[in-house]
Amino acid sequence: MKSIKLIATALISVFIGSCSSQKETPEAIIENKVDSLLNLMTLEEKLGQMNQLSPYNLEELAKRIRKGEVGSILNVVNPEEINKIQEVALNESRLGIPILVARDVIHGYKTIFPIPLGQAATFNPEIAEQGARVAAIEASSDGIRWTFAPMIDVSRDPRWGRIAESCGEDPYLSAVIGAAMVKGYQGESLNAPTAIAACAKHFVAYGAAEGGRDYNSTFIPERVLRNVYLPPFKAAVDAGCATFMTSFNDNDGVPSTANSFVLKDVLRKEWKYDGMVVTDWASALEMINHGFCTDEKDAAEKSVNAGVDMEMVSETFIKHLKQSITDKKVAMETIDNAVRNILRLKYRLGLFDNPYVVTPQSVKYAEKHLQTARTAVEQSAILLKNANQTLPLTDKVKTLAVIGPMADAPYEQMGTWVFDGEKAHTQTPLMAIKQMYGNQVKVIFEKGLEYSRDKNTKGISRAVNAARQADAVVVFVGEESILSGEAHSLANLNLQGAQSLLIKELSATGKPVITVVMAGRQLAITKEVEASNAVLYSFHPGTMGGPAIADILFGKVNPSGKTPVTFPRISGQVPIYYAQHNTGRPANPTEMLIDDIPVEAGQTSIGCRSFYLDAGNSPLFPFGYGLSYTTFEYSSLTLSSEKLTTQDSLSVSFTLKNTGHYDGTEVVQLYIQDKTGSVTRPVKELKRFQRITLKAGESKQVSLSIPVSELAFWGYDMKFEVEPGDFRLWVGTNSSEGLTKDFSVSAL
Ligand code: BGC
């Protein structure tokens, strides 16, 4: 076996030697190496490369690696074990191909950042990139070189627990934040030891699971797919994302793992993608349950023929594809292409040259990482309400009641998809308030409820007593981490357990009540907002949630997060999102609601408009919403021209003034409406945003520019183009307010 490997290595070196003499590009050199290696491989070894395992027994794994039956593993995180596994792969398998080691590092490895939805709330791609970089540095120090992130499924339904992992409801925001994460994970160059390959997932439309129930079918027509669900994935390709993962859902009857339209026509042909595509966990096998495949062999064939390269854990490829080749159900060229994509990635990652983990020093929880995570929380927390400037707390507050099941819940505040973060390293708000502000206020802590779902109300009276003794009350409510994430869908978006009652009782004390929500999704908190003087919403904030939130409460940090999703008033309004299309009968703001309707009202007496009698149409908080301790004023909106051609670029400028008493950061947002199209268009679409920091009283001229080509969409003829016509534009502080101007676009 050794001799074959030596010949193989020699052949490759001779080949490289001859290549380098022709001064080939690094990519061309890699292609040559891939082809040389492929030429040496048996069919069994090729199928082995296409096989990813989550090993339960390392001895068993070693045996299979020796036989060339494994290309990648996930869920091994011990560097010594990983090095042993690589040793077996390199020295004891026939061709010595290194193993690609993967792990779900979704919002941090050890240092846990806010959940991706919280990172999106920063509207700050730089912080998302830094977060992914920190995750990559920490994860690679244990030998992980591939993560299954970012998750860039546009999601407009908070019943779907996986909205926590997403960047929210907007294609543009998801594209910008997702691309930043790709850059962060992969770093400057994939072959640097701290780079880990990113994975754009889940391809595609998974976020549209019907009814918000996880894994459910989706029915997204091609035009919506292209206009809404695909753009973040295209942005990931453009950012150089090394891998893609198929999704669990079937869209219009076709499971994504066998959808050659998206995997081949769009991803490979249109987008010219040369990365690697992996199935989701057993999603090939699950096509039998879907009723799309008759058996394992059928599932394997449909997957590879549709364009999948690697199978995660269900082993239908390795078991059946040899026979499929004999049966001529799968072409050898299909297998070769898949293996090329896999080997190319291994070369790009530098795994052949540096297969082993070298961990010279511990980078986990490095001070710099913790500080970056803290900044991420500071920028992601959203101030939803602040009546009479309840926040920040002033020195008039001598005694502070800290209440609630999430005040000191280190595990829960990390959120979903935390396999490696440790609660012992998590800093909770209670800890931080005591530690950082304990000399300024007396803190009385009462949980009130043991955990978020707790219905036992016996602790509430103690919480109320604590509130009575205090000058202000901060109540931490929300969701335990298990309530969001994969397979954790909810039909009811109200606060769980007796949390709502807790807030009501605290509010009845007459003390100022500040509600801090830590959750994995936007909840329906209408009553709780009414009962509170101030509300701060922090999607599960991770390791450094405590200090960041404490600094916001005490005014050292001025909140600047904005909602990356629309908040419903009640669950039944879902799906609710700002970029909706108009109906022929849009509701008026003055529409009569259920309690105002006279008894025995005539059928058409209240008008016939599109809205809910019991909730209206407006959300509790619109997309892009978030207050600050200061106030911002927008004025003097001007456009470079109000008559543009499809070849022009539009420059938008306006004055932003900090009119309040605090320095602060505003996320300025630019929305566009294409008034009439060959198909109906969203009433608004986010096209640009920018964080602008201003000192109290300071003004700034802000300029945003957008090429008219970015107004293109997939219209009636399924062509991606700008349709000449009339447009409206807004700049403002959220998706439902702003200065506006009209402009038109004509063909050249
Ligand atoms: C999830 C993926 C994840 C994979 C590996 C699946 O159940 O859908 O998002 O990356 O498991 O853990």
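The predicted model contains zero disulfides. Cys 167 takes part in none. Its nearest cysteine sulfur belongs to Cys 241 and lies 12 Å away. A disulfide requires sulfur atoms within 2.5 Å, so a 12 Å separation does not qualify. Cys 167 has a relative accessibility of 0% and therefore counts as buried. Cys 199 is likewise in no disulfide. For Cys 199, too, the nearest cysteine sulfur is that of Cys 241, here at 6.4 Å. Cys 199 is buried, with 0% relative accessible area.

Helix packing was examined for α9 and α10. Helix α9 spans residues 222–229, and helix α10 spans residues 231–238. Their axes come within 6 Å and cross at roughly 55°. This angle makes α9 oblique to α10. On the α9 side, the contact involves Leu 225, Arg 226, Asn 227, Val 228 and Tyr 229. These residues meet Pro 231, Pro 232 and Phe 233 of α10. By class, the contact residues comprise six nonpolar, one polar and one charged.

A further element is a sheet. Five strands form this open sheet, with mixed pairing. The strand order is β18-β26-β25-β20-β21. Strands β18 (643–645) and β21 (685–694) are the edges, each pairing on one side only. From one strand to the next, the twist averages 30°. Within the sheet, β25 (residues 725–734) pairs with β26 (residues 737–746). The pairing is antiparallel and runs over eight bridges. Val 731 stands opposite Leu 739 of β26.

Key
Residues are numbered from 1 along each chain as its sequence is written. This is a predicted model: local features need pLDDT of at least 70, side-chain atom pairs count only at pLDDT 80 or more; totals for chains, interfaces and linings use all residues. Side-chain values use heavy atoms; hydrogens and water are left out. Axes are lines fitted to C-alpha atoms, for helices over the stretch in contact, and angles run from 0 to 180 degrees between N-to-C directions. Helices (H or I, at least four residues) and strands (E, at least two) are DSSP runs, numbered from the N terminus. Angles under 35 degrees count as roughly parallel, over 145 as roughly antiparallel, 65 to 115 as roughly perpendicular and the rest as oblique. Contact means heavy atoms within 4.5 Å. Ala, Val, Leu, Ile, Met, Phe, Trp, Tyr, Cys and Pro count as nonpolar, Asp, Glu, Lys and Arg as charged, and the others, Gly among them, as polar. Buried means under 20% relative accessible area, exposed over 50%, partly exposed in between (1.4 Å probe, protein chains only). Two strands pair if DSSP finds at least two bridges between them.
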